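Work through the exercises below with the sequence and the 3D structure open. Try each task before reading its solution.

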Amino acid sequence: MRFPTSVLIVKTSSLGDIVQSFDVLDDLRCRFPSVSIDWAVEASFAPIVAAHPLVRRVIPLDLKRRRHLWTAFKELRKEQYDLVFDLQGNCKSGAITLLARAKVKVGYSFQSVREWPNILATHVRFTISKQKNIRFYYLELIQRYFQTTGPQVSLNQTGVRFKIETEEKKKISQILSQAPAGLKIMVCPGSKWINKQMKNETLAGFLQRIEQGYGASFFLIWGGEAEQILCNEMAKQLHSAFVVEKLALPTWQNLMNEMDCVIAVDSSALHLCGTTATPSFSVFGPSASHIFKPIGRHHFTFQGVCPYGQVFEKTCPILRTCSTGACIREITVEELFRAFQNQYHFE
């Protein structure tokens, strides 16, 4: 098999899924140090992909605006690739893969693909179990094509730093200068789904216990207005807590690299932490931690239990409709702090 010199990744959305698929970049570069990697992605997510240091060129696709289709088409067809890997596996990514110029197009089989018409766009297809960690679901497609099994190429446990401008680096230094010396913990309480969020009082009590036991300073991160209000209220209950201004994702990722730990729920924040070398402690309820947690021994989780007997392999079927969210909202401060103590041993 001739070594590829150029590869196109087709992974268009969503933010969390894109970030979780970044490990394929490390895998490809580890195999082929001189390979050029381009990425086709929805235009709204292009900045985060462009910030990754292993991506040469981003092809932003705004398929909802007809006047941009021709520009996107020309950009997609600009280069002849050795390989295309369709990591998305749906009809939209299939159309992109079909239009791309490549000698070989690789994707998922009928059993593993998200939408079956996608298989019409690929030449080589593999059946990958959907019950493994989502990062390995993406990685194994590359590994199977290059005829390896398991994590043949080690995942990047040293992390990466996304590309940011000098002014953003100065902003990070200013944020860090607020805290005294000692343990620095980033807290990301938000999630798209309310039933993935802890009770505010539980999270505050948990952080108070960490503050008392470890003398930590907290950097509170928010996305929307409701999360900002929550973070402001929480900061009042802690001795050393700072509500961080809203940051661009690449800047946020660089700030994560400066932390000793990130505390989050199953969210884009947690997946972003997985691109760094920073340890994480995450709390899961209606989603399976073994599927969605970052990979590595420095990432720890607490999995809540459903009191109603719901059993699921990846995501609870009543995630959006459960009226109590008890699997995560009834977790106690003592349970969380005990798990944190058992898993973390800071120097």
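The exercises that follow concern a pocket, a cavity, two helices, some single residues and a peptide bond.

The model is predicted, so local features need pLDDT of at least 70 and side-chain atom pairs count only at pLDDT 80 or more, while totals for chains, interfaces and linings use all residues. Residues are numbered from 1 along each chain as its sequence is written, and side-chain values use heavy atoms, with hydrogens and water left out.

**Exercise 1. Describe the largest pocket and its lining.**

Step 1. Fix the terms. On a 1 Å grid over the protein atoms alone, a pocket is an open set of points with protein on both sides within 12 Å along at least five of seven lines; a cavity is a set where a 1.4 Å probe fits but cannot get out; lining residues have an atom within 4 Å of a point. Grid points are joined across faces, edges and corners, and a volume is the space filled by probe spheres set on the points.

Step 2. The volume of the largest pocket is about 1,100 Å³. Its lining has 39 residues, and Gly16, Lys192, Ser267, Ser268 and His271 are the closest to the centre.

Step 3. Assign the lining to elements, where helices (H or I, at least four residues) and strands (E, at least two) are DSSP runs numbered from the N terminus. Two or more lining residues come from each of α1 (15-20), α6 (134-145), α10 (249-256) and α11 (268-273). The most come from α1, which gives 4.

Step 4. Sort by class: Ala, Val, Leu, Ile, Met, Phe, Trp, Tyr, Cys and Pro are nonpolar, Asp, Glu, Lys and Arg charged, and the others, Gly among them, polar. The pocket lining then holds 15 nonpolar, 13 polar and 11 charged residues.

**Exercise 2. Describe the largest cavity in the same terms.**

Step 1. Searching the whole structure gives 5 cavities of 30 Å³ or more. The volume of the largest is about 100 Å³.

Step 2. Its lining is made of 14 residues, with Pro286, Cys316, Ile318, Cys322 and Cys327 nearest the centre. By class, 11 are nonpolar, 3 are polar and none is charged.

**Exercise 3. Which residues of α7 are buried, and which are exposed?**

Step 1. Buried means under 20% relative accessible area, exposed over 50%, and partly exposed in between (1.4 Å probe, protein chains only).

Step 2. In α7 (residues 166-176), Glu168, Ile172 and Ile175 are buried. These residues lie on the same side of α7 because they cover an arc of only 60 degrees around the axis, the arc being that of the directions from the helix axis to the C-beta atoms. An α-helix has 3.6 residues a turn, so residues three or four places apart point the same way.

Step 3. Thr166, Glu167 and Gln174 are exposed on the other side of α7.

Step 4. The cover over the buried residues of α7 includes β8 (217-220) and α10.

**Exercise 4. Why is α10 described as largely enclosed?**

Step 1. Of the 8 residues of α10, 7 are buried, so the helix is largely enclosed by the rest of the structure. The buried ones are Pro250, Thr251, Trp252, Gln253, Asn254, Leu255 and Met256.

Step 2. Among the elements covering them are α3 (46-50), α7, β7, β10 (261-265) and α11.

**Exercise 5. Place alanine 40, histidine 299 and glutamine 197, with accessibility and contacts.**

Step 1. Contact means heavy atoms within 4.5 Å.

Step 2. Alanine 40 belongs to strand β2 (residues 36-42) and is buried because its relative accessibility is 0%. Beyond four places in sequence, alanine 40 contacts Leu8, Ile9, Val10, Lys11, Thr12, Ile59, Leu61 and Ile96. Its C-alpha is 6.4 Å from that of threonine 12, 28 residues apart in sequence.

Step 3. Histidine 299 is in strand β12 (residues 299-303) and is buried at 4% relative accessibility. Its contacts, not counting residues up to four places away, are Cys273, Gly274, Thr278, Pro279, Ser280, Lys293 and Pro294.

Step 4. Glutamine 197 sits in the loop between β7 (184-188) and α8 (200-214) and is partly exposed, at 21%. Outside its neighbours within four places, glutamine 197 contacts Pro189, Ser191, Ile328 and Arg329. The C-alpha atoms of glutamine 197 and arginine 329 are 7.1 Å apart, with their positions 132 residues apart along the chain.

**Exercise 6. Which peptide bond is cis?**

Step 1. Most peptide bonds are trans.

Step 2. The bond joining serine 13 and serine 14 is cis, with omega about -20 degrees. Serine 14 lies in the loop between β1 (6-10) and α1.
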